[in-house]
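Colleague: I have just opened this one for the first time. Could you walk me through it and tell me the reasoning behind each label?

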Amino acid sequence: RIRHSDIAGHFGNAIAVLLPSTSAGAGETLLHELHDHHPVFHAAIITLSDDRQALEPVLLHLEKTLERTESIQHLLVHAPQLR
């Protein structure tokens with residue numbers, strides 16, 4: 001299912017998956033489908049409005065947002081936009 005434009009890799013103890021040209025809704029649907037097959041992960045999702053956003057601050061922001069899934073027992077959390 002990974003397209004040529006998609007990127008996946010390790011980031012700390014997590015796996016980061018970048019899905020350019022994918023809407024938040026389509027990304028959320030994909031994560032729910034993956035979770036149905038392998039329910040051992042939690043995810044944080046963000047939609048970027050600036051294609052020049054530096055990657056490291058975004059990944060750190062997602063990592064911090066991901067911590068919320070442990071306390072609220074949810075599969076998926078949406079990270080607020082970075083300013």
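**Reasons behind the labels**

Modeller: Gladly! Let me begin with Ser49, which counts as exposed because its relative accessibility is 70%, and exposed means over 50%. One thing to keep in mind throughout is that this is a predicted model.

Colleague: Where is Ser49 placed, and how far is it from Leu82 in space?

Modeller: Ser49 lies in the loop between strand E3 (43–45) and H2. From C-alpha to C-alpha, Ser49 and Leu82 are 9.3 Å apart, although 33 residues apart in sequence.

Colleague: Thr47 is in the loop between E3 and H2 as well. What makes Thr47 partly exposed?

Modeller: Its relative accessible area is 38%. Buried would need a value under 20% and exposed one over 50%, so Thr47 falls in between and is called partly exposed.

Colleague: Which residues does Thr47 contact, leaving aside its neighbours within four places in sequence?

Modeller: Those are Ala24 and Gln81. As for Gly12, the C-alpha atoms of Thr47 and Gly12 are separated by 21 Å, with their positions 35 residues apart along the chain.

Colleague: How do you know that Gly12 counts as exposed?

Modeller: Gly12 has 64% relative accessibility, and the cut-off for exposed is over 50%, so Gly12 earns the label. Gly12 sits in the loop between E1 and E2, and its C-alpha atom is 24 Å from that of Asp36, 24 residues away along the chain.

Colleague: What makes strands E1 and E2 a pair?

Modeller: Pairing calls for at least two bridges. Strand E1 (residues 7–11) and strand E2 (residues 14–18) are joined by five bridges and run antiparallel, so they pair. One of the bridge partnerships links His10 to Ile15 in E2. The hairpin has two residues between the strands, and Gly12 takes a positive phi near 65° there.

Colleague: Why is the positive phi of Ser21 worth pointing out?

Modeller: Most residues other than glycine have a negative phi. Ser21 is a residue other than glycine, yet its phi is near 60°.

Colleague: And is Ser21 buried or exposed?

Modeller: Exposed, because its relative accessibility is 80%, against a cut-off of over 50%. Ser21 is found in the loop between E2 and H1. Its C-alpha atom is 9.2 Å from that of Asp6, 15 residues away along the chain.

Colleague: Let's turn to the inside. Why are Leu31, Ala43, Ile45, Leu75 and Leu76 called a nonpolar core?

Modeller: The term asks for buried residues of nonpolar kinds, Ala, Leu and Ile among them, joined through side-chain atoms within 4.5 Å. These five residues make up the largest such core. Ile45, one of the five, touches a list of residues that includes Leu31, Leu62, Leu76 and Val77, not counting residues up to four places away in sequence. Over the whole protein chain, buried residues make up 23% of the 83 residues.

Colleague: How do you know that the size of the chain agrees with a compact globule?

Modeller: A compact globule of 83 residues would have a radius of gyration near 12 Å, and the protein chain has 12 Å, so the two agree. The C-alpha atoms fill a box of roughly 35 × 30 × 25 Å along the principal axes. The protein chain exposes about 6,400 Å², with carbon and sulfur atoms supplying 56% of it.

Colleague: What is the order of the elements from the N terminus on?

Modeller: They run β-β-α-β-α-β, which comes to two helices and four strands.

Colleague: Finally, where is confidence lowest and where is it highest?

Modeller: Helix H2 (residues 55–72) has the lowest, at a mean of 83, and helix H1 (residues 24–37) the highest, at 88. The mean pLDDT of the protein chain is 84, and 94% of its residues reach 70 or more.

Note on methods. Residues numbered from 1 in each chain as written. Heavy atoms only, no water. pLDDT = per-residue confidence, 0-100. Buried < 20%, exposed > 50% of the residue type's maximum accessible area, 1.4 Å probe, protein only. Contact = heavy atoms within 4.5 Å. Rg over C-alpha atoms; globule rule 2.2 N^0.38 Å. Areas by Shrake-Rupley, 256 points an atom, 1.4 Å probe, with all protein chains shown as cover.
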